[in-house]
Amino acid sequence: MAIPMPTRQLFIDGEWREPILKNRIPIVNPATEEVIGDIPAATTEDVEVAVNAARRAFSRNKGKDWAKAPGAVRAKYLRAIAAKVNERKTDLAKLEALDCGKPLDEAVWDMDDVAGCFEFYADLAEGLDAKQKAPVSLPMESFKSYVLKQPLGVVGLITPWNYPLLMAVWKVAPSLAAGCTAILKPSELASVTCLELADICREVGLPPGVLNVLTGLGSEAGASLASHPGVDKIAFTGSFATGSKVMTAAAQLVKPVSMELGGKSPLIVFDDVDLDKAAEWALFGCFWTNGQICSATSRLLVHESIASEFIEKLVKWSKNIKISDPMEEGCRLGPVVSQGQYEKIMKFISAAKSEGATILHGGSRPEHLEKGFFIEPTIITDVTTSMQIWREEVFGPVLCVKTFASEDEAIELANDSHYGLGAAVISNDTERCDRVSEAFEAGIVWINCSQPCFTQAPWGGVKRSGFGRELGEWGLDNYLNVKQVTLYTSNDPWGWYKSPN
């Protein structure tokens, strides 16, 4: 059963606060197209209040309350948050399924990862103290040098709607572990579970101002956050177009940014594989999370000798995917997040058809679902590399298939993209997989699978897919300054200038 959508305000300085302009944004259930609640709409005025709160929290008691507190202190809060997420897992998953259309089973899985991410960074927060004053080897015996790692300050975290809470926590957990204070601005299309995270932080007694959550439009709250002189860094996940605007705003203040942007990832299937196993991974790599994954392996490259049989299997597997309301048991494909996203995807499919591609399977609304932003899993063949559907990120359940004749051709086709987030290869030839992995122009490579993601491993892209890495120790480094400290240890004068004595 669905649970009631809670009514929340903005979370600033440890308190719920009504937006200064009192505006709110409706929440639309993408499975039913019904308005099921609303969220507060923060504006520039609210950003100002939140930044001031975060700055106070960072410097309170000369930083001893948070920024300069022992890592074990911060770890205690992170573990308490993880425990509360586990307690509320079922309700959080249901709220997320209602809010963004994610199948409930996926949402439950995401909540496990949310709790695990907080636990992981709690461990790293504790370990940070032991790494302070790490010695640097110098060529002169009269000097000693060491490194301090210190929190960057107040950070702005702008996150997407496809993994509403998990993508937020990829930024929240390491930034708090590092000792930063943060302002989270989730996507206006799916903010509900981020507001519930704020409620959890209030429950566990997180010091006021350490995490502030502002829901609202990107053009208002997000833009104000990116350009605010009191914000020391912006971490952004979203589209290339919006990322470019965020970078432009941050550049005016030479503010550091880390970016995880779009993708158009390739998956290469060679002719020595189990076709059914490869078919399932190919579909999972593109249709997981309703096709709304920036790393989706949506460009499928199949060896020409197996292409006909393999594509036939793809269609059979696709017909077996349960498309339904996300709350239904066994749902494996729910609706896309909004009407705007639905219309954008349908335009991509229509344009592909007009350019001469073949819509082999799907491409329209499922017949049994009259309401909701549902799109059948779509397989498109007869695609050329100049087509829009091959080159641009669709962000929906749309898989394009192209054949290749040789390993070199497959690699060339795979790398022929402005993007470079993920890439995958399926083959039983270990040496070939190693060669292809090294040749891929991507930040993440999967061998004989697609889309697995672990908190311990780095995540991020190259080219127009962004820069910087999240997760693992790399995610913590995103929020730390490295400070060199060098001391002169000799009792002798330096002796560069002639003494006046």
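Colleague: Let's start inside the sheet: which residue stands opposite Val-425 in E18?

Modeller: Ile-268 does. This is a predicted model, where local features need pLDDT of at least 70, side-chain atom pairs count only at pLDDT 80 or more, and totals for chains, interfaces and linings use all residues. Residues are numbered from 1 along each chain as its sequence is written, and side-chain values use heavy atoms, without hydrogens and water.

Colleague: What makes E12 and E18 a pair?

Modeller: Strands are DSSP runs of E with at least two residues, helices are runs of H or I with at least four, and both are numbered from the N terminus. Two strands pair if DSSP finds at least two bridges between them. E12 and E18 share 3 bridges in the parallel sense, so the pairing criterion is met. On the E19 side, 4 bridges join E18 to E19, also parallel, with Ala-423 opposite Val-445.

Colleague: Why is E18 described as largely enclosed?

Modeller: Buried means under 20% relative accessible area (1.4 Å probe, protein chains only). In E18, 5 of the 5 residues are buried, so the rest of the structure largely encloses this strand. Gly-422, Ala-424 and Ile-426 are buried on one side, and Ala-423 and Val-425 on the other.

Colleague: What makes E14 and E19 edge strands?

Modeller: The open sheet has 7 strands with mixed pairing, in the order E14-E15-E16-E13-E12-E18-E19. E14 and E19 each have a single partner strand, so one side of each lacks a neighbour in the sheet. From one strand to the next the twist averages 25 degrees.

Colleague: How do you know that H9 packs on the sheet?

Modeller: Contact means heavy atoms within 4.5 Å, and H9 touches E12, E13, E15, E16 and E18. Its direction makes about 135 degrees with that of E16; axes are lines fitted to C-alpha atoms (for helices over the stretch in contact), with angles from 0 to 180 degrees between N-to-C directions.

Colleague: And why is the 850 Å³ space called a pocket?

Modeller: On a 1 Å grid over the protein atoms alone, a pocket is an open set of points where a 1.4 Å probe fits, with protein on both sides within 12 Å along at least five of seven lines. The largest one holds about 850 Å³, its volume being the space filled by probe spheres set on the points. Lining residues have an atom within 4 Å of a point; there are 33 here, with Trp-161, Phe-236, Gly-238, Ser-239 and Thr-242 nearest the centre. H8 gives the largest share, 6 residues.

Note on methods
Buried means under 20% relative accessible area, exposed over 50%, partly exposed in between (1.4 Å probe, protein chains only).
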